[in-house]
Structures are given as C-alpha cells and as structure tokens.
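The following questions and answers show how each structural term is applied. Each answer sets a value against its definition.

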Amino acid sequence: IYINQKRNMFYLLDDSDLLPKYNAEEVIYCNYTYLKSSLKLVEPREDNKVIVYCASAKSAVHMAAQQANGAYLISNYNRDKEAVEKQQELYHYLIKNEKLPDDVYILFMTSAYREGVEIKDPAVKNVIIDASDEITISQFIGRIRADLRKVIINTNKLQYDRIMAIDEEYKKLKELPEVELAEYYGKQLAKIEKQENITLYV
C-alpha cells in the first residue's frame, strides 16, 4: 500500500498493512452521498454483524434508530446527555467483553472510538467507513480483530475516481510476467520515495 498524504489518496493492495494479521475477502469503494446507500451492501444478522464509522454523533444515533437490531457508541462527553446515558450499558459491555451483545447486529460508532477499543468478535464480518482520509480508515479498521467479509469505504467523488484509476492500472499490472512486474514496481517505488508528504509501506 502507498499513501499520499498531500492528496489524501490511499490504495489497498493484497495483504495490506491496514488489515494487520487479518484478511478481508472484499474491499469496496463507494461514491455515495448518503451512508444509508452503503448499508444496502450488507445484511446485518446474528452471524454477519456490521460495524459502521459515522462522521458525526448525530448521524450515528439517527442511523442506529432506523435499524431493528442497531446500536450506537458516541463520545461519553457528547452534549446529547440522554443519548450518552442510553449507551452506557453497551459501552461497558463492549469494553469488558470485546464483542457486541447478542441482540446487536449493527453498531454505529464515531471517531471517539478510533483508538482504545478492540472488537474480537468472530460474528463481526463487515465494516463500513464513511471517511476519505487514510488515518481514520486505518485506525478504525484496526479496531476489528477478526477476519472480515467486506470492508466498505464510502468516499467522495474525487477520491473514488482516483482509486478507480489506480485499480485499473493494478489489474493490468497483475497480468505482467513477474520479472516485468518487479521492474515496474522498482521504478514506481523510487519515484514515490522522492515525492513530498509520502508515507510508503512495503
């Protein structure tokens, strides 16, 4: 994977460092205006649970209310004291057990839980992230300590177009003989290392 911090661009290659020690069967990039469109790509159930990163507490609370087995976790310092009070039982359960309660199939979380929380729940099979920056994406995926079926990244149109262009190039590269492929990557990595604001992972 390489990350261009100047342009906020990232690309997931096979065995990416964004999924340390764990695998995702499918990484999907979406160009949706509304998060609820991404939710149509998953079917929350007891053995196929979903974790969703929301950009705001208001969105997390609202989206959870629309799900039959939905719940939310927002900052305990949020101004919505009623919402904070309602989540306390779930919050303590998750911290103690590192998994979702049996009756919660989809959990909406905010940036308050990008760090410090680990979810080791084999029933969690899908992650949806409503964000475009690589730091949020990597930190949030890192909370899930299990293999996943789908990682869905709901990004903006500019990011989406860039990612799709890189994806097309990557598909073509996979068809090259190993020697040519190694030569190509050697040249590309040399170029990337010379650019400003680049973080390179190999």
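Q: What makes the contact between the side chains of Glu118 and Lys120 a salt bridge?
A: The model is predicted, so local features need pLDDT of at least 70 and side-chain atom pairs count only at pLDDT 80 or more, while totals for chains, interfaces and linings use all residues. Residues are numbered from 1 along each chain as its sequence is written, and side-chain values use heavy atoms, with hydrogens and water left out. A salt bridge is a side-chain nitrogen of Lys or Arg within 4 Å of a carboxyl oxygen of Asp or Glu. For Glu118 and Lys120 the N to O distance is 3.5 Å, so the pair satisfies the definition.

Q: How many salt bridges does this rule give?
A: The count comes to 6 salt bridges. One of them joins Arg45 and Asp47, whose closest N and O atoms are 2.8 Å apart.

Q: Why is Arg45 called partly exposed?
A: Buried means under 20% relative accessible area, exposed means over 50%, and partly exposed lies in between (1.4 Å probe, protein chains only). Arg45 has 35% relative accessibility, so it counts as partly exposed. Its partner Asp47 is also partly exposed, because its relative accessible area is 44%.

Q: What makes Glu98 and Lys120 a salt bridge?
A: The closest N and O atoms of Glu98 and Lys120 are 3.5 Å apart, so this pair also meets the rule. Glu98 lies in the loop between helix 4 (88-97) and strand 6, and Lys120 in the loop between strand 6 and strand 7, so the pair ties together parts that are 22 residues apart in sequence. Helices (H or I, at least four residues) and strands (E, at least two) are DSSP runs, numbered from the N terminus.

Q: Which residues are linked with Glu98 in a network of salt bridges?
A: The network consists of Glu98, Glu118, Lys120 and Arg145. Glu98 counts as partly exposed because its relative accessibility is 25%. Glu118, at 29%, is partly exposed, and so is Lys120, at 44%.

Q: What is notable about the phi of Glu98?
A: Phi of Glu98 is near 55 degrees, a positive value in a residue other than glycine. Most residues other than glycine have a negative phi.

Q: Why is Glu46 called exposed?
A: Glu46 has 52% relative accessibility, so it counts as exposed. Glu46 lies in the loop between helix 1 (35-39) and strand 4 (49-53).

Q: Which residues form a negative surface patch with Glu46?
A: Glu46 is joined by Glu89, Asp102 and Asp103. Patches are made of residues with over 30% relative accessible area and no salt bridge, with like charges joined within 9 Å and nonpolar side chains (Val, Leu, Ile, Met, Phe, Trp, Tyr) within 5 Å. Asp and Glu count as negative.

Q: How do you know that strand 4 is largely enclosed by the rest of the structure?
A: 5 of the 5 residues of strand 4 are buried, so the strand is largely enclosed. Lys49, Ile51 and Tyr53 are buried on one side, and Val50 and Val52 on the other. In a regular strand the side chains alternate between the two faces of the sheet.

Q: What makes strand 4 and strand 7 a pair?
A: Two strands pair if DSSP finds at least two bridges between them. Strand 4 and strand 7 (residues 124-129) run parallel and are joined by 5 bridges, so they meet this definition. One bridge partner in strand 7 is Ile129, opposite Tyr53.

Q: Which strand pairs with strand 4 over 4 bridges?
A: Strand 6 (residues 106-109) pairs with strand 4 in the parallel sense. Val50 has Ile106 as its bridge partner in strand 6, and Tyr53 has Met109.

Q: Which residues of strand 6 are buried on its two faces?
A: Ile106 and Phe108 are buried on one side, and Leu107 and Met109 on the other. Strand 5 and strand 6 also pair in the parallel sense, over 4 bridges, and Tyr72 stands opposite Phe108.

Q: What makes helix 5 mostly covered?
A: In helix 5 (residues 134-141), 6 of its 8 residues are buried. They are Glu134, Thr136, Ile137, Gln139, Phe140 and Ile141.

Technical notes. Accessible areas come from the Shrake-Rupley method with a 1.4 Å probe; for residues, only the protein chains shown count as cover. The place of a charge is taken as NZ of Lys, CZ of Arg, CG of Asp or CD of Glu.
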